[in-house]
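Dear colleague,

Please find below the structure that I am handing over to you. My findings follow directly after it.

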Amino acid sequence: MKLLKRLGWILMVILGLGFLAGVFAYQSLKPDYDGVKSLAGLAAQVDVYYDPYGVPHIYGNTEEDAFRALGYVHAQDRLWQMELLRRVARGGLSEVFGKELLPTDRFFLALGIAEASRDAVSALDRQRPEVVLSQAYLDGINEFIASGPTPVEFYLTGIRKTPFELEDIHNAIGYMAFSFAMAHKTDPLLTHIRDSLGTAYLEDLEIGYDSLVTRIRNYEPAVKDSVAPQLLGAVTAALAPLPIPQFIGSNSWVIAPPKTRNGKVILANDPHIGFAQPSVWYEAHLSTPNYEKYGYHLAGIPFPLLGHNRKAAYGLTMFENDDLDFYYEQPHPSDSNRYAVPGGYADYDRVTHSIRVKDQKEVSFSYKRTRHGPVMNAIAKQLGPGRPVSMSWIYTRLENKLLETLYGLSHADDLQGFQSALPGLHAPGLNVMYGDAEGNVAWWASAKLYTMPDSVNTKLILDGSSGREEVQEYLGFHENPKAINPPWNYVYSANNQPEPVGGKAYPGYYLPENRARRIVDILESKDDWDRKSVSAMILDDRSPVNPEIAIDLAKSLDVGKLTNKQIKLLDNLSRWKGNYPLKTSEPTFFHRWVYFFLKHTFGDKLGEIHFKEFLATHFHKRAIAPMAAREHSVWWDRKHTPDIVEGKQEIVQLAFQQAYESLEEQLGKDTGLWTWERVHQLEHEHPIGRVRLLRSFFNVGPFPVRGSREVINNMGFTYGEHGDNKVTHGPSTRRIVDFSDIENSLSILPTGQSGNPFSVHYKDQAGMYVDGKFRKMLLNKAEITRPSNSLLIFKPD
């Protein structure tokens, strides 16, 4: 008995010490949202008010002071996120996560982002305002690194904090630019299909320009040997373990005064990005006597990519233009150090890098580089020593003016000033959306576009030795698609293809018309838009296309082969409106049916590995509706049944039966229980939350969520055999700027402002986001400076 008492006391002491350690960790590692701190380099005091959701409202006498304070407060909430983002381009992830990330580090080093960053920084004029403000922002980050608490992730991974530099900003921008690209997922697969199956198999894949779908309209006022499958596998393997989200797509629309109830512009924007914890965006409001902006910042980047003030607002979606090409190179027959170029041979450049790896020695690797770019064979081991394939990416080939561009966008207060900043955006391709207090609305497809010879299909691997498949010319910005104050009184983008300009269609990896068609239908339906109705529209989850797909598939069914329960399910599906309430079962069965339809259409010819890669492309989404409507296709005759010629009916019937059986096995015999909430869930994963014991501490969720793939509320997922539609990407914010009442404009983040798990703002918006709620983006100083809000004061050191 005495022993049990003694053990009890020991246990209590251990628990007490553990509790005290937890309290100490919480108090010492959480961000400071109030108090007084000194900050070196300030000219005068800076006041930072935190609103109820942890958004800093920074008041300084100069922009330089405000940006220096921004760097500090951004770092205390997001330093871990900043650290990961700057490491991607320079091949620094293996040092944090171990040898499993070596293929990823090799791949990104070979892209040349880090070298392009060094070149861009060396060319900077250090006296230009964008450089001065960037350095002030970095000084603020570095002050937190020197004097602030170390985030818990640094302790868990064993890495040291080191100062941030201008190259880190450019490296973060470079990763963002590459994550927008789709060619690396698409071109090798299409080349494999052509080389292994024939050109007939490309015709049904909707990879070209389609004049029949909903397109973004232009308007300007009159006054202005195949290595392809191995290449694809290598790229996919390199990108799969990335511990930070990738950019996917977006919606945005801007409504002009004639279509709004109050006669003022309304802008809506919800960029679609991979879900993760922390959330992608960090909101901050800066105010000085000469500058004010409420902006959305990426980790480690001083200027907001989305923003507004009382005069103007802007947002972004992905253009999806083609800015990356692969080339087959022809090696010299006897000299492995040379390759063919028009008129002769040239020497390869050889590049060598060293990569630090957690718990082991540095790893050295080298690769060749041609006039097009890095030769992928040494980077992607799957390629082996066979035919060389190089990669040409416009981001690293042209002068980088993105820092100047982002500064210009964030400092423009009118249409002309904003438009003048856009030509510096060479890559990534972005649809830039604009509205202002004067009533202007505009959309610009912004990128450095170029022309290729008419016979060249840039969605295939090109011939690098002949000189006949090269860029012919780079186009001036005036030739880009755009719409400025169009007579239909709105502009929009949903990553769909724009109309040709002057008869010239621009190749790209555009998404299907589903979201675009719905946006246009809704906007055209009324002329009295207000903040409330736009808030409802941004949450819309109805697809005008999916019910049509269901009907087209059902026409090919032999109903006589269905059971009574299956016929009832089919009847319910025929009445489905294409929306996604959590308690309904029609969406669940529809997507299972489509998956098996795709599997038996394409998987038979592509094989399991390439079919999974096919499902990661945009063009598989573009193919679903046309294939469902088509009566004949070369894809439907299965190669494993040489004595039988299958057609659409056999494929659709088999897909229906397997979808039904898989859902019975997964969710039970009662079709009424096949509800969307059981299969469509969202969990915000932290890189360290992948460790099972730490999951509940770092991750947020899971939550059942409305929405689906390619609806306005684009809660996307990847089709797979598992039958669990785990949401992987969606609105990274929902944002509505109303110039009739600018101080009550709305926003929401998927989890919270802070990336620090000890912060009260780590996940305080997660429930609101799932429920479709919003919060105010405060601009009114009287509201911001209420005594109930926290005040952090920075004084000159």
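In this predicted model, the buried residues of helix α14 pack against three strands, β4 (247-255), β5 (266-274) and β22 (490-493), and against two helices, α15 (531-537) and α16. Helix α14 itself covers residues 514-524, and 9 of its 11 residues are buried, so the helix is largely enclosed by the rest of the structure. A residue is called buried here when its relative accessible area is under 20%. The buried residues of α14 begin with the run N514, R515, A516, R517, R518, I519 and V520, and I522 and L523 complete the list.

One of the partners of α14, helix α16, also packs with another helix. Two packed helices are described by the angle between their axes and the distance between the axes. For α16 (residues 546-554) and α19 (residues 619-629), the angle is about 35° and the axes lie 8 Å apart. The crossing of α16 past α19 is left-handed. Which residues in α16 and α19 meet? From α16 they are I549, D552 and L553, and from α19 they are I624, A625, A628 and A629. Sorted by class, this contact has 6 nonpolar residues, 1 charged residue and no polar ones.

I turn next to the cavities. The largest cavity holds about 200 Å³ of space. It is lined by 19 residues, and those closest to its centre are Q81, L85, I244, P245 and V280. Two elements, α2 (63-89) and α8 (166-180), give two or more residues to this lining. Of these, α2 provides the largest share of the lining, with 4 residues. What is the make-up of this lining by class? It has 17 nonpolar and 2 polar residues, and no charged ones.

The second largest cavity contains about 90 Å³ of space. Its lining is made of 13 residues, and M176, L402, L406, L425 and L430 lie nearest its centre. Both β9 (312-318) and α12 (402-411) supply at least two residues of the lining, and the largest share, 4 residues, comes from α12. By class, the lining of the second largest cavity has 12 nonpolar residues, 1 polar residue and no charged residues.

When you open the model, I suggest that you begin with α14 and the elements against which its buried residues pack, then proceed to the contact of α16 with α19, and finally view the linings of the two cavities.

Yours sincerely,
A colleague

Methods
Residues numbered from 1 in each chain as written. Predicted model: local features only at pLDDT ≥ 70, side-chain atom pairs only at ≥ 80, totals over all residues. Heavy atoms only, no water. Axes fitted to C-alpha atoms, helices over the stretch in contact; angles between N-to-C directions. Left-handed = near helix turned anticlockwise from the far one by under 90°. Contact = heavy atoms within 4.5 Å. Nonpolar A, V, L, I, M, F, W, Y, C, P; charged D, E, K, R; others polar. 1 Å grid on protein atoms, 1.4 Å probe; cavity = no way out; pocket = protein on both sides within 12 Å on 5 of 7 lines; lining within 4 Å. Points joined across faces, edges and corners; volume = space filled by probe spheres on them. Buried < 20%, exposed > 50% of the residue type's maximum accessible area, 1.4 Å probe, protein only.
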